[in-house]
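These are my notebook entries on a model with more than one chain. I began with one residue and its surroundings, then moved on to other sites, a whole chain and the contact between chains.

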Amino acid sequence: MGKKIDRGFARKLREEIEIWEREGLVSPILRDRILAYYQMKARFGGPLATGKLITVLSVLGSVLAGVGVILFVAANWSAIPVWGKLAVIFIPMAASYCLGYLLRYERGDFPRVGAGFILLGALLFGAGIFLIAQIYHLSVHFANGPLVWGLGVLPLAYLLRFKTLLSLSLIVLLIWLGMETHSWLSPKAFEFLGSVPADSRFISLFFIAGLTLWGLGLMHRGYEGLRRISGPYIVLGMLCAFGSGFLFTFDLYGGRFAAPVLWPFYLALSGLFLLSLFGLALSSEKPLGWVWEAVFLLVLLGLALYLTFLFSGLPGKGHRDLVLSANLIYALAVLIVLFLGYLREFPVYVNIALLFFVLDLFVRYFDFFWELLPRSIFFIIGGLTLLIGGVLLERKRRKILGSFKKAQDED
Amino acid sequence: MRIKFFLLILLQILILAGMIGYRHYWVETGEKIMLRVSPVDPRDLFRGDYVSLAYEISSLDLDRLSVKELFRPKEKVYVILEPETDGTWKAAGVAKSRPSGKKFIQGTVAFEKKGSSRWEITLKDDNGNLHHLSPRWWSGMQTGARVTFCLDQRGRVTSFAKEDPSRKDPCRGSPSLTGAIADIKTTPFRLLQVEYGIESFFVQEGKGRDIESGRIGQELKVEAVLRKDGKAMLKALWVDGKVFH
């Protein structure tokens, strides 16, 4: 397998090697040999300067090719005999996996392109499930499709320790959760937020699902063998928890957040969350400040379960106390995540906390000033605040992320 | 690593093959029945590349079937079937538990509506003949209004619209009746809407609308395969004798 080197590493290596030479740690000959070694790597396909770009292109290429196969089959449905349709599913899928494995692990000269092919194989597996369901009119329970896809890809993500495969599997399983629970609910009971259908019962469900993924991510960080794939759990979990948590800051308290029929989902997710915290407590290398994070997540889960099981909805609108409390908890959550990100030097925590901070600020500005200010002034002030605030925030963000880098350099 | 990788790929292939095998087993061991697709407003029939199918057994008149029980949404029900002379099957009853000794199809309650309306329209054509028609829906036209009804080959209303002399062949070749509304009779009844999981049929991209434009007045039937527990799976769609798999 080829040694992976990227642009940042190459630049740092050049800077460091000058210092090593000055300090007498390496001779000029050794310095040249080391530099030549890495330049050789770059010349023979090593992703020295374009590693990220190759990853992005490979993923995009995989998605486009996968969509192309589906569209080809859809557009030539009658013209293709059944065996042809099946061949279009099985042959590209098996070929993508084999080619991906060959390029990444056997020959090792195109590891990122190989990873792209393996991702394409997983996408074609999903496409295969839906195409077979369509060829044979297997529409009995549509939510089973994403469930089989997500669970089928998950073991592969663990074997290869692939973040892209794991992200795909988790996203598909979240889609399944939405489809499956939706099929358990009566369609007539949908509520609307403005013109958008937003059933408040999904808010608490996805909030708990987000916390569960977040907890699983923390547990993965505690074990060296799993740390590499903790990212997708944490990122998707945070996005899901903050995204649905953000909806709690609106005046939706006239409705219920729970559907009694969904209790197996609430309990299963909460149980998985508690197991993950238990697993984290038993792990050998816990992340810094994990106790605080675990307690914070437990409190949030407690609040979500309270809303789910005990809150039966208050009549009417204008529940200012509840909305204010939800906003305070939301702001506290942003601060805690920002603090944890700073403590552990995790850019992803800082970025997600700032993203949801800005989102909240923007929406609250609309909430409070829309009626108070003349429209022109509203938009001018809003625009200027966003522009200036955006610049200041981006500078602050870079400063924080820069300080992580500096600290790592000093270490 | 290599063995584990290929074993997992094999597992994915087996999952896909299992889906195909399961369907074949279902078709081989199940009982094949023909179901009539009910006339629907053709504008709503084809959405994209799926054919949305509503069956005659999808909307059940609980009063006519003499069913007294109440039903909740998502409840599992067994619709008892009896044969018609043309080889299709119609609903003869609804049960909450599995009926023994009778042919049945398993479905899920979408909803029960107490005050649903059944319309009986009397139409007087230009020769003074009276026709009694039972459209599945009605939209606000009063007695005296001139209306064109499009019919299928069994004389059932597939669609209707206010008479428009500027439109030539509004029913696109299918039988039609035009005249003045002589009487509108509305009878309330208890409607049970049931879903069987066979309500969509996949066709080639862009093909749905081709079938739609040529299907008004044509007879639509579906060949379904019933498992022992009454669960149905689609096998083929028949449009006037032409079969789509």
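**Entry 1: Gln106(B)**

Leaving aside residues up to four places away in sequence, I listed what Gln106(B) touches: Lys76(B), Val77(B), Tyr78(B), Tyr196(B), Asp229(B), Gly230(B) and Lys231(B). I note here that the model is predicted. Gln106(B) belongs to strand E7 of chain B, which covers residues 104-125. Is Gln106(B) buried or exposed? Its relative accessibility is 8%, and I therefore recorded Gln106(B) as buried, the cut-off being under 20%. I then looked at the polar atoms of the Gln106(B) side chain: one of them lies 2.9 Å from the backbone oxygen of Asp229(B). Asp229(B) is also among the residues that Gln106(B) touches.

**Entry 2: Ile80(B)**

I next looked up Ile80(B), which is found in strand E5 of chain B. With 14% relative accessibility, Ile80(B) counts as buried. Which residues does Ile80(B) touch, not counting those up to four places away in sequence? I found Lys90(B), Ala91(B), Ala92(B), Gly93(B), Pro99(B), Lys102(B), Lys103(B) and Phe104(B). For one of these, Ala92(B), I also noted the backbone separation: its C-alpha atom is 5.4 Å from that of Ile80(B), although the two residues are twelve apart along the chain.

**Entry 3: positive phi values**

I recorded two residues with positive phi that are not glycine. Lys74(B) has a phi of about 75°. Where is Lys74(B) placed? Lys74(B) lies in the loop of chain B between strand E4 (59-61) and strand E5 (76-83). Its relative accessible area is 38%, so I entered Lys74(B) as partly exposed.

In chain A, I found phi of Arg161(A) near 55°, also positive. Arg161(A) sits in the loop between H6 and H7 of chain A. Arg161(A) is likewise partly exposed, at 27% relative accessibility.

**Entry 4: chain A as a whole**

I took the totals for chain A next. Chain A has 411 residues, and 44% of them are buried. Its secondary structure consists of 15 helices and two strands. Of the contacts in chain A between residues at least 6 apart in sequence, 71% join residues at least 24 apart. I noted an accessible surface of about 21200 Å² for chain A, with 71% belonging to carbon and sulfur atoms.

**Entry 5: chain A against chain B**

How many residues does each chain give to the contact? I noted 41 residues from chain A and 35 residues from chain B. The area buried between the two chains is about 3400 Å², and carbon and sulfur atoms give 71% of it. On the side of chain A, the residues that lose the most area to chain B are Tyr101(A), Tyr136(A) and His137(A), together 20% of what that side buries.

For polar interactions, I found five residue pairs in polar contact across the interface, both residues being at pLDDT 80 or more. The elements of chain A that give two or more residues to this side are helix H3 (51-75), helix H4 (82-106), helix H5 (111-135), helix H6 (144-160) and helix H7 (163-184). H4(A) gives the largest share, nine residues. By residue class, the side of chain A that touches chain B divides into 30 nonpolar, nine polar and two charged.

Lastly, I looked for salt bridges across the interface and found one. Arg2(B) forms a salt bridge with Glu106(A), with the closest N and O atoms 2.9 Å apart.

Conventions. Residues are numbered from 1 along each chain as its sequence is written. Chains are lettered from A and ligands numbered from 1 in the order in which they are written. This is a predicted model: local features need pLDDT of at least 70, side-chain atom pairs count only at pLDDT 80 or more; totals for chains, interfaces and linings use all residues. Side-chain values use heavy atoms; hydrogens and water are left out. Contact means heavy atoms within 4.5 Å. Buried area is the accessible area (1.4 Å probe) that two parts lose on being put together, summed over both. A salt bridge is a side-chain nitrogen of Lys or Arg within 4 Å of a carboxyl oxygen of Asp or Glu. A polar contact is a pair of N or O atoms within 3.5 Å; within protein, one must be able to donate a hydrogen and the other to accept it, and residues adjacent in sequence count only if both atoms are side-chain atoms. Helices (H or I, at least four residues) and strands (E, at least two) are DSSP runs, numbered from the N terminus. Ala, Val, Leu, Ile, Met, Phe, Trp, Tyr, Cys and Pro count as nonpolar, Asp, Glu, Lys and Arg as charged, and the others, Gly among them, as polar. Buried means under 20% relative accessible area, exposed over 50%, partly exposed in between (1.4 Å probe, protein chains only). Accessible areas come from the Shrake-Rupley method with a 1.4 Å probe; for residues, only the protein chains shown count as cover.
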